[in-house]
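I opened my notebook to look around a structure I had not seen before. Here is what I was working from.

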Amino acid sequence: MTEYQLIEGDETVYRDGSIKLHGPEGFEGMRKAGRLAATILDEIAQYVVPGVTTGELDERILSMMLDGGSVPATMGYRGYAHSCCISINHVVCHGIPSEKTLKDGDIVNIDVTPLLDGWHGDTSRMFLVGDVPLKARRLVDVTYECLMIGIEKAQPGARLGDIGAAIEEHARQFRYGVVREFCGHGLGRLFHDAPEVVHAAKAGTGPELKPGMFFTIEPMINLGKPWVKLLNDGWTAVTRDKSLSAQFEHSIGITETGNEIFTLSPKGQHQPPYDI
Ligand code: MF3
Ligand code: CO
Ligand code: CO
């Protein structure tokens, strides 16, 4: 049986595996953290160009997080030592910023999670470096569609599985692979909390969605097979068949009438190409 826990006011949130149901204070906190996260992605776009290193982008993101009054939730998280994840081409997720240089034709995911006043705003977008081949651009477009189709299903009274079912159904039409090993997640005062949001699921299964639930949807979609493997650094996940992979992520809250996306781009830069 799914356990839900009503959160009123500013109480401590325990890592007890329950699904938290937040009130107005939580929504306010998530709006601010989500807006900062989205603004950081808006601002980093101009620097995502051939020749830049992922380490330089990470540095800029750290400054923007600190300037915004937040800290990177990823820093020190299970030993992770950076302000964001930057995943290039066949890297599925959790790419570690380094001396590696972006090159013309790359597709890149940047995933940021500022922790602001105790709330986590978790979002990622794809960026196109220079001239990107049509096949790769189509993967990026369809992955964005998968995220938004999943978000449409996030309604009070629906089941969590309805989200993954809709995402998988859309990806299947293009014969793309939906990654199973990494999921969306509840969040709020905790970075990763219940429930686990699977991106390939059966409609009508899983916990009922209720007003006040906060979680991410973050589909990882591969041009080839869904299979991934972890590199020896213990973080970087790549496609086994070396095919390209794309991902977009939003943090959302279930409302009485639908949902609220906390991490919408204030500049309207939802998917590439971005005007910079
Ligand atoms: N931001 C990632 C997510 O969407 C988590 C990154 S954890 C890290 O859940 F340690 F790899 F940074
Ligand atoms: Co996330
Ligand atoms: Co993220």
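My entries follow, one topic at a time.

**Before starting.** I reminded myself that this is a predicted model.

**Entry 1: the cobalt ion (ligand 3).** I began by asking which residues are the protein donors of the cobalt ion (ligand 3). I found Asp111, which is listed twice through OD, along with Asp122 through OD and Glu249 through OE. These donors lie 2.0 to 2.4 Å from the ion. Along the chain, I read their spacing as D-x10-D-x126-E.

Next I checked the geometry. The six donor atoms around the cobalt ion (ligand 3) subtend angles of 59 to 165°, which makes the arrangement irregular. For my own reference, I jotted down that ideal angles for six octahedral donors are 90 or 180 degrees.

**Entry 2: the cobalt ion (ligand 2).** I then moved over to the other cobalt ion I had noted. The cobalt ion (ligand 2) is coordinated by Asp122 (OD), His185 (NE2), Glu218 (OE) and Glu249 (OE), at 2.0 to 2.2 Å. In sequence, the spacing of these donor residues is D-x62-H-x32-E-x30-E.

I looked at the angles here as well. Six donor atoms surround the cobalt ion (ligand 2) and subtend angles of 52 to 160°, so this arrangement is irregular.

**Entry 3: what links the two ions.** How far apart are the cobalt ion (ligand 2) and the cobalt ion (ligand 3), and which residue bridges them? I got 3.3 Å, with Asp122 as the bridge.

I wanted to know where these donors sit in the fold. Asp122 is in the loop between strand E8 (119–120) and strand E9 (123–128), while Glu249 is in the loop between strand E17 (245–247) and strand E18 (250–254), so the pair ties together parts that are 127 residues apart in sequence. His185 lies in strand E11 (residues 184–186), so pairing His185 with Asp122 ties together parts that are 63 residues apart in sequence.

Buried or exposed: which are Asp122 and Glu249? Both came out buried. Asp122 has a relative accessible area of 2%, and His185 is buried too, with 6%.

**Entry 4: aromatic pairs.** How many aromatic pairs does the structure hold? I wrote down nine, then picked out two to look at.

The ring centres of Phe27 and Phe262 are 5.7 Å apart and the planes are at 65°, so I logged this pair as edge-to-face. Phe27 belongs to helix H1 (residues 24–44) and Phe262 to the segment after strand E19 (259–261), so the pair ties together parts that are 235 residues apart in sequence. Phe27 is buried at 10% relative accessible area, and Phe262 counts as buried at 4%.

My second pick was Tyr144 with Phe248. Their ring centres are 5.2 Å apart and their planes stand at 70°, so this pair is edge-to-face. Tyr144 is in helix H3 (residues 134–152) and Phe248 is in the loop between E17 and E18, so the pair ties together parts that are 104 residues apart in sequence. I have Tyr144 down as buried with 10%, and Phe248 as buried with 1%.

I also noted one aromatic cluster, formed by Phe27, Trp119, Phe214 and Phe262.

**Entry 5: charges over rings.** I found Arg60 over the face of Tyr47, 3.7 Å from the ring centre. Lys210 has its charged end over the ring of Tyr4, 4.0 Å from the centre.

**Entry 6: an open sheet.** I traced an open sheet of three strands in the order E5-E16-E15, with antiparallel pairing. Strand E5 (91–93) and strand E15 (228–230) are at the edges with a single partner strand each, so one side of each has no neighbour in the sheet. Neighbouring strands here are turned by 40° against each other on average, direction ignored.

Looking at one pairing, I counted two bridges between E5 and strand E16 (residues 237–239). One partnership I marked is Val91 with Val238 in E16.

**Entry 7: strand E4.** How many residues of strand E4 (residues 84–88) are buried? I wrote five of five, so to speak: the strand is mostly covered. Cys84, Ile86 and Ile88 point one way, and Cys85 and Ser87 the other. That fits what I know of regular strands, where side chains alternate between the two faces of the sheet.

E4 is joined to strand E6 (residues 107–112) by five bridges, and the two run antiparallel. Opposite Ser87 I found Asn109 in E6.

Note on methods. Residues numbered from 1 in each chain as written. Chains lettered and ligands numbered in written order. Predicted model: local features only at pLDDT ≥ 70, side-chain atom pairs only at ≥ 80, totals over all residues. Heavy atoms only, no water. Donors = N, O, S within 2.8 Å, 3.2 Å for Na, K, Ca; no water. Tetrahedral: all angles 85-135°; square planar, octahedral: opposite > 155°, others 65-115°. Helix = DSSP H or I, 4+ residues; strand = E, 2+ residues; numbered from the N terminus. Buried < 20%, exposed > 50% of the residue type's maximum accessible area, 1.4 Å probe, protein only. Pairing = 2+ DSSP bridges. Axes fitted to C-alpha atoms, helices over the stretch in contact; angles between N-to-C directions. Phe/Tyr/Trp six-rings, centres within 6.5 Å; stacked < 30°, edge-to-face > 60°. Lys NZ or Arg CZ within 6 Å of the ring centre and 35° of its normal.
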